[in-house]
Amino acid sequence: MDKAIDYRKYLQLDTLINIQNPESASGPAECHDETLFIITHQVYELWFKQILHELDAIIRVFNKSAVDEHDLFRAVAWQLRVIEIQKILIAQLTIMETMTAMDFLEFRDLLIPASGFQSVQFRLIEIKLGLGTANRSCVDRNYLLSALDSQDQQRIDGAEREPSLFGLVEAWLERIPFIAGEGFDFWALYQEAVDAMLDGEARIVSLHSRDPKSALSPGLSNVEASRRNFASLFDQGLHDNLVRDGQRRLSRKAMLSALFILLYREEPILQLPFNFLTNLMDIDENFTAWRYRHALMAHRMLGRKVGTGGSSGHEYLKKTAEESRFFEDLFNLSTFLLPRSKLPVLSKALKRDLNFHFESKN
Ligand code: HEM
């Protein structure tokens, strides 16, 4: 009994509440707001740790030759937890903003060259989701790594050698059996339906255009762009061009499977995969929302000053928010969704394969 666990020891509170050491405390006057600055960052790092814990579990589910349905159910639950944590991460920036730019200036220079660039857990989350340090358009890998000490650099190298969720989800989508059966070519029917939809859109755009005959009508050229984009779903060469230009990342096969799941989400076997893909989009969207929100906060605190880590500050963060997406391809698939009433009717055999079968023993 004398070894009974107690709240303080279990949570190691003696450590936790004694690790806030403001730099300004050793100077002429301690800055009141530096404690808030430290605690806010520490809370973020704790939530980052929890997100990594959930992502590692999801990655284990997908890092197999076949994904078990029971495990997929658990992976969806872990995704939902990540999503709830992300909402808190976005919301709690307002606590930081109770500190004014002037108050921040009181201790900001004491922090140089420390910065968010050194949050190795943040980088690990990005890498595990599928955004490696090499595929950044706004900053180069060496610059990102140079902010970290050698131990953290090794963690980054190690994580980049492991499969990411992006790669594993792509492989999972590619394994989904191809949707064609004897005498039934789903994709041919689907292409006819999309062609009809785009023809309809072109007609509507022409009707409402000020100069319906002008080939330069922006509406019409957008419809034509959708048509070319659509063709790339079925033409490997066009698809490869988009990949080369950085406009697409997922393989063509994975795109088609994801599209089928999105279109026929209500079929029993596709419901869980649909939830999984939707949650990936939520995670991507929340991550991006945090980046924009953080960029705005940095703008408010720093104006046009450079960051303590040496970047252009607000400009760098804004650009990163625009250009660092994980699952953008899933968002782009909405271009090819059809209203339910226009969806090709599935063959009986395919419909049966997509259903659960319960047989009565009587
Ligand atoms: C007064 C509050 C804050 C300001 C003014 C600020 C400013 C900045 C700036 C300017 C950068 C770019 C790197 C640099 O040059 O320093 C940056 C990066 C970063 N900050 Fe903050 N930040 C603040 C609070 C926070 C908080 C509370 C977190 C939570 C963990 C955070 C996490 C990060 C991360 C992860 C990066 C790297 C982002 C990337 O490279 O994509 N920051 N911050």
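**Ligand environment in the predicted model**

Twenty-eight residues surround the ligand, and of these 28, Arg123, His294, Gly309, Ser311 and Tyr316 come nearest (a residue is near a molecule if one of its heavy atoms lies within 4 Å of it). The structure is a predicted model, in which local features need pLDDT of at least 70 and side-chain atom pairs count only at pLDDT 80 or more, while totals for chains, interfaces and linings use all residues. Residues are numbered from 1 along each chain as its sequence is written, and side-chain values use heavy atoms, with hydrogens and water left out.

By residue class, the shell comprises 15 nonpolar, 11 polar and 2 charged residues (Ala, Val, Leu, Ile, Met, Phe, Trp, Tyr, Cys and Pro count as nonpolar, Asp, Glu, Lys and Arg as charged, and the others, Gly among them, as polar). Polar contacts (here, pairs of N or O atoms within 3.5 Å) involve oxygen atoms of the ligand: a polar backbone atom of Gly309 lies at 2.8 Å, a backbone N or O atom of Gly310 at 3.4 Å, and a polar side-chain atom of Ser115 at 3.5 Å. Two or more residues of the shell are given by each of helix 3 (34–62), helix 7 (120–129), helix 15 (268–302) and helix 16 (314–323) (helices are DSSP runs of H or I, at least four residues, numbered from the N terminus).

Helix 15 gives the most to the shell, with 7 residues. His294 lies in this helix, and its NE2 atom, at 2.2 Å, is the only protein donor of the iron atom of the ligand (donors are N, O and S atoms within 2.8 Å of the metal, or 3.2 Å for Na, K and Ca; water is not among the atoms, so sites may look incomplete).

Technical notes. A polar contact is a pair of N or O atoms within 3.5 Å; within protein, one must be able to donate a hydrogen and the other to accept it, and residues adjacent in sequence count only if both atoms are side-chain atoms.
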